[in-house]
Amino acid sequence: MRIDLICVPGLGHYRKLKQGSCFFPPFSKHFVDTGSELFFETRKHFGYFTLRMNFLRGVMGGQTAGPQPSGAETIQKLCDRVASSTLLEDRRGAVRALKSLSKKYRMEVGTQAMDHLINILQTDRSDSEILGYALDTLYNVISNDEEEEQDENAQKQADDLATQFTEKFIEDPEHITLVLTLLEEFDFHVRWPGVKLLTALLKTQGVQVQGIILVSPMGVSRLMDLLADSREVIRNDGLLLLQQLTKGNAAIQKIVAFENAFERLLDIITEEGSSDGGIVVEDCLLLLLNLLKNNSSNQNFFKEGSYIQRMKPWFEVGDDNSGWSAQKVTNLHLMLQLVRVMVSPVNSPGATASCQKCMYQCGLLQQLCTILMATGVPADILTETINTVSEVIRGSQVNQDYFASVNAPSNPPRPAIVVLLMSMVNERQPFVLRCAVLYCFQCFLCKNQKGQGEIVATLLPSTIDANSISAGQLLCGGLFSTDSLSNWCAAVALAHALQDNLTQKEQLLRVQLATSLGKPPVSLLQQCTNILSQGSKVQTRVGLLMLLCTWISNCPIAVTHFLHNQDNVPFLTAQISENLGEDERLVQGLCALLLGICIFYNDNSLENYTKEKLKQLIEKRIGKENFVEKLGFITKHELYSRAALKPQPVFPSPEQMLFDHEFTRLVKDLEGLITKAVQKSSEEDKKEEEVKKTLEQHDNIVTQYKELIREQDAQIQELKEKVASMTTQTEQLQATVSQQQSQIQQHKDQYNLIKLKLGKENQSQSNNQGDSQVNGLQTEELSQLREELEELRRQQTLLQTQLSEKDALIDSLKSSAQAAEAPAGGSDNAELLQEVEALKNQVQSHLAEISQLKTERLELLRRAEAASSSTAPPSDKSSDAAKAELESRLAAQTSEMERLKEGRSELEEQLASATSTVAILQTEKSKLQTEVQESKKEQDDLLMLLADQDQKIHSLKQKLKDLGETVEDEDDIDARDQTSDEEDEDED
């Protein structure tokens, strides 16, 4: 008897179990006898265990004679049995036997049985057991056993076999759709093998299978349902399947993200213990990285869904950070990578800035800085945390200011930047850690002129504190140390403090260094050139040359300081002209770049080193062609293109640390300009200078015209405002004139009314007194006329006052209109003057009317005086009786006149109130008329409706009568009611 223990790897937590590490709790057991072999099969969620026992024929009753069938023949018989058997049990047994042989005879089973197995999946959908056997068999045929160690040739053959069978399986896309459909089965023995089979297909032919699943209806949704399965084995293998599915396919990544993948994955991570969780957390994080990396749509969806805030608890660490498990280190490393994906420099600037702001507001940056300053954190986690913090603060002023305020928990407290720089210039620190610190410092200074000024200020004499270590002191110490890597890192860091900042380039020229006792201090610029001339290591010289090129580029003052040292130009020309080895070519190229910058940014302030003299020096000692060739050594270097790819300094070894990303951009910008500047002749330079002067003149002219246009625009705007103001004044004047017209009309009406009343009073008095009028009565009438004339005089005075005010207003309007005349607003002012003239004409007409009224008043006065003079005095011969009678009549008439005056005043008041009442009544009348019209219209509509209703009632009554029903008319009803009323009256 031979017993072989075969451990088929499971899923999730248990998929990395090795052979021989299995244990045997009670399992459900199945025995299968295939004639020559007896199979003992056990199942549990984390895998299958098969005990295979071969019982020799002799043990069971002797050994049969004849040769044993080969594996291929046995597989052929089993395939025939699967194809021809009508009983489900027979087919199930045959498929189970194929499954047991599929690993040992992988080629034969895949070649002969694949079509039969696919047919089983299509036809025997009702039996979950045979479906599970078929899926397991296909999985064994297609997948490679990752647990077994094989040599290179065997592994290549296995890979070729997997590719061959996968291509055969996906020839018909319906086969993939069939497996996706089977995933809807809840039975464990169907769903789990289906998940494993799809994962194997994706590993082998990922692009083709992704395309089929993408066009399959609800294909991705079915796979997303695996994350909600309550059985951890299926859920965990579903994670592995989705990892393979989302690799490199942005369309599927978007679909998975919008299927609520972020919410589900973050929930699983939380349930599993976040960074303290197991391998399931790792699988979730890998899937999240697949969904977010280089996918701006998913990144925006992740940010808008407030999922960044849910990442903060992942990075909560305690005081004791010793003894981290390998799984925790892996999980935290992936979590940091996930943060970096959201703020990667390759993302769009707007999206990166938005994520950086969100990370600061939710406290994620603060949490990362806590890890940065914590003790006991593993070195690789610390390195990745530094890189993560670097990209979170890169180019964000708020985040950079916060990082500058972070202090390390030391005594006394030191800024985090200083602590990190101490690690960078310490040659005993790991290389990757020093690179990370350099990247962090570069990101801190990226687009941060405030931070650049603070770093340079620590080097200036007025701000140096002898009792504390500053960032500038550390950079100078690293710049001139014996460690070439520290020299390079310090030089690049200091170059970033000068990047695109002319002010700090000029400030750094003030820095003085004390080289040794008894010697005068030298400038930092001079010390750098001194170290260059001493012939130090290539890495040190490359770093110093990059610093000098960055320093003097676009800074004529720095170029002048550099050329002021008489030894610098001869040193550069000597370095460029020599024929050195391969290692020195890069140094020659950088020297050529530095000399070219001295030409291009030269302001000709030094007579011995003007642009023309430097070009002549190059032509005599180096040659223009040779100079351009040496300059091209920089971009042709193999490490140049690698550094130009991304900002983060990533190098396989310290020796390859030569180029900085920002410096490659500077070389790209200056190489062509320097080449043209060196190859130009003096005549071309003169022409270029003339062209520049001409352009400057044109620019000045354009600037002058722009200023003139701005002034004219301001004047036009001012004139428009004046025109608008005058238009408003004109409208006000028109309103005033209209008001005056109404007042004049009222005065006319009052005058006519007074005339009418006077005529009526004269007529009544003539009727009462007859032809004989006494002197007393005429005197009373004359006094009344005088009072009325006095009233008219007062009204005239009032009108004359108003008229003078209008004249003054018109004169002021004319003067303002004449003062506001301008070429831009001439037409508008002319219109205003025309309107003023029209108003003046109206006022003249009003004056004519007033004059006419005045003439009429004088005529009345003259008539009254004539009547007074024509009245004869009474005769002295009149009798006393007549005189007494006349006196009594005069007294009565006087009282009557007083009463009439009072009545007239009352009537005038009543007339005024009546006039306003009439206006109100007219308004109400118009409203009532409108309402009456509406009521009439409604009544007409009601009458029409009643007529229609009567017509319908009449027609219905007629129909009832035609049908023989008794119908009483309203007349009959009224007659009957009247009769009953009369009877009631009779009874009463």
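Reader: In this predicted model, does R92 count as buried or exposed, and at what relative accessibility?

Author: The model is predicted, and the cut-off for a buried residue is a relative accessible area under 20%. R92 falls under that cut-off and therefore counts as buried, its relative accessibility being 8%.

Reader: Which residue meets the side chain of R92 in a salt bridge at 2.5 Å, N to O?

Author: The partner sits three residues from R92 in helix α3 (residues 88-101), so that about one helical turn separates the two. This partner counts as exposed, at 53% relative accessibility, whereas R92 counts as buried. The residue whose side chain meets that of R92 is E89.

Reader: How many residues apart in sequence are the parts that D483 and R434 tie together?

Author: The side chains of D483 and R434 meet in a salt bridge, with 3.0 Å from N to O. D483 lies in the loop between α24 (471-479) and α25 (484-497), while R434 belongs to helix α22, so the pair ties together parts of the chain that are distant in sequence by 49 residues.

Reader: What relative accessible area does R434 have?

Author: Its partner D483 counts as buried at 14% relative accessibility. R434 is buried as well, with a relative accessible area of 4%.

Reader: Which helix gives the most residues to the largest nonpolar core?

Author: This core holds 211 residues, and among the members that touch the most others are F169, F315 and W551. The helix that gives the most to this core contributes 12 residues and spans residues 431-445, which identifies helix α22.

Definitions and conventions:
Residues numbered from 1 in each chain as written. Predicted model: local features only at pLDDT ≥ 70, side-chain atom pairs only at ≥ 80, totals over all residues. Heavy atoms only, no water. Core = buried A, V, L, I, M, F, W, Y, C linked by side-chain atoms within 4.5 Å. Buried < 20%, exposed > 50% of the residue type's maximum accessible area, 1.4 Å probe, protein only. Helix = DSSP H or I, 4+ residues; strand = E, 2+ residues; numbered from the N terminus. Salt bridge = Lys/Arg side-chain N within 4 Å of Asp/Glu carboxyl O.
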